[in-house]
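Reader: Could you take me through the packing and the strand pairing here, with the criteria spelled out?

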Amino acid sequence: TGSFLVTATCVAKELGIESVFANTDITYDNTKHFLDIKSGGDEAKAKARTLTNLCSNYHITPTQCIAVGDGANDIPLFMATKCGITFNHATKEVQAAAKHTITSLAELPETLKMIMDK
């Protein structure tokens with residue numbers, strides 16, 4: 001995700017997802033005071049780089065993956081995976097690039113199940 005790691009971790013936990021990768025993280029000192037925000041840089045490029053690395057690590061191709069997102073920076077992932085899921089609040093451009101559109105994260109588990117059962 002291009003979101004913060006803390007947000008991604010919370011969403012993943014709720015959805016039962018074990019591995020999380022985020023392009024943005026916050027660092028704190030040992031007294032929990034803010035130190036820095038670390039960014040992976042250009043969101044679309046960072047997401048594509050993460051997808052490439054994940055595929056390499058798991059010896060799979062992008063077309064064996066599913067991408068979920070709601071921003072223009074997710075379109076390259078949708079194209080690479082051939083299976084993008086977006087939300088009805090996303091722009092028309094993003095919705096056109098995705099294969100599936102849902103209204104909320106609550107629909108994601110059932111949508112994933114439907115895709116996996118095909």
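Author: The model is predicted, with local features needing pLDDT of at least 70 and side-chain atom pairs pLDDT 80 or more, while totals for chains, interfaces and linings use all residues. Residues are numbered from 1 along each chain as its sequence is written, and side-chain values use heavy atoms, without hydrogens and water.

Reader: Which residues is Ala98 in contact with, leaving aside its neighbours within four places in sequence?

Author: Contact is taken as heavy atoms within 4.5 Å. With neighbours within four places in sequence set aside, the partners of Ala98 are Phe78, Gly84, Ile85 and Thr86.

Reader: Which helix supplies the largest share of the largest nonpolar core?

Author: A nonpolar core is a set of buried (under 20% relative accessible area, 1.4 Å probe, protein chains only) Ala, Val, Leu, Ile, Met, Phe, Trp, Tyr and Cys residues joined through side-chain atoms within 4.5 Å. The largest one has 11 residues, including Phe78 and Ala98. Helix 2 (43-58), helix 3 (75-81) and helix 4 (92-97) each give at least two residues to this core, helices being DSSP runs of H or I with at least four residues, numbered from the N terminus. The largest share, 3 residues, comes from helix 3.

Reader: Why is one side of strand 3 and of strand 5 left without a neighbour in the sheet?

Author: The open sheet has 3 strands in the order 3-4-5 with parallel pairing, where strands are DSSP runs of E with at least two residues and a pair requires at least two bridges. Strand 3 (67-68) and strand 5 (100-102) stand at the edges, so each has a single partner strand.

Methods: Buried < 20%, exposed > 50% of the residue type's maximum accessible area, 1.4 Å probe, protein only.
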